[in-house]
Amino acid sequence: MKLEFYEESNMILFLNNLYLSEIDFKDKDALETYFKSLFLKLHEFYEIEVNGYYHIDIYMDPFYGAIIELEKEELDYLDYDDDQVDMRICLHKTTILYELKEYMELDKSIYDIIWYHKKWYVKLKEKISSIHLGKLLEYSKMHYHEETERILKNGTLIQEVQS
């Protein structure tokens, strides 16, 4: 699990498939229970106070896992107790692209390589081992959501790279 803060009330969680086995995304009650336990963990380990109303967008990629955007909405007309959390959860299917810091040789039977705006992007064609995923994550930046659609639509699929 990786956690990024953009503001105290906005966070992004990256959960690869290893973390997702305990989550049932089709059961709304189970999903809410999972997020409540996650909020307790965030408080316990990172001392993050989580209360109030949250918009939660979950972007699901079959090969990576889930990217979860948590955005707290400040509601002037409602007061929440210190331990009270309300949430609206939306699930989205997405394709994650990995922007490479520099070009690296990859097996094209497992990866698509895309050239877009003078940058290399990698798209997984199938699940890869956690070791290969870790290496890919070490040398790349993840992109998802609408940005991915634009890259896939306008980028050039590379068949062979000329040295």
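The dialogue below concerns a predicted model of one protein chain and its helix H2.

Mentor: In this predicted model, local features need pLDDT of at least 70 and side-chain atom pairs pLDDT 80 or more, while totals for chains, interfaces and linings use all residues. Residues are numbered from 1 along each chain as its sequence is written, and side-chain values use heavy atoms, without hydrogens and water.

Trainee: How many helices and strands does the protein chain have?

Mentor: There are four helices and 10 strands. Helices are DSSP runs of H or I with at least four residues, strands are E runs of at least two, and both are numbered from the N terminus.

Trainee: How do you know what H2 should span?

Mentor: The expected span is 1.5 Å times one less than the number of residues. H2 (residues 28-46) has 19 residues and should span 27 Å; the end C-alpha atoms are 26 Å apart, so the two agree.

Trainee: Which residues of H2 are called buried?

Mentor: Buried means under 20% relative accessible area, exposed over 50%, and partly exposed in between, with a 1.4 Å probe and protein chains only. Leu31, Tyr34, Phe35, Leu38, Phe39 and Leu42 are the buried ones.

Trainee: Why are they said to line one face of the helix?

Mentor: The arc is taken from the directions from the helix axis to the C-beta atoms. The buried residues of H2 fall within an arc of 140°, so they line one face. On the other side, Asp29, Thr33, Leu40 and Glu44 are exposed.

Trainee: What covers the buried residues of H2?

Mentor: The cover includes strands E1 (2-7), E2 (10-16), E3 (52-61), E4 (65-73) and E5 (85-93). Contact means heavy atoms within 4.5 Å.
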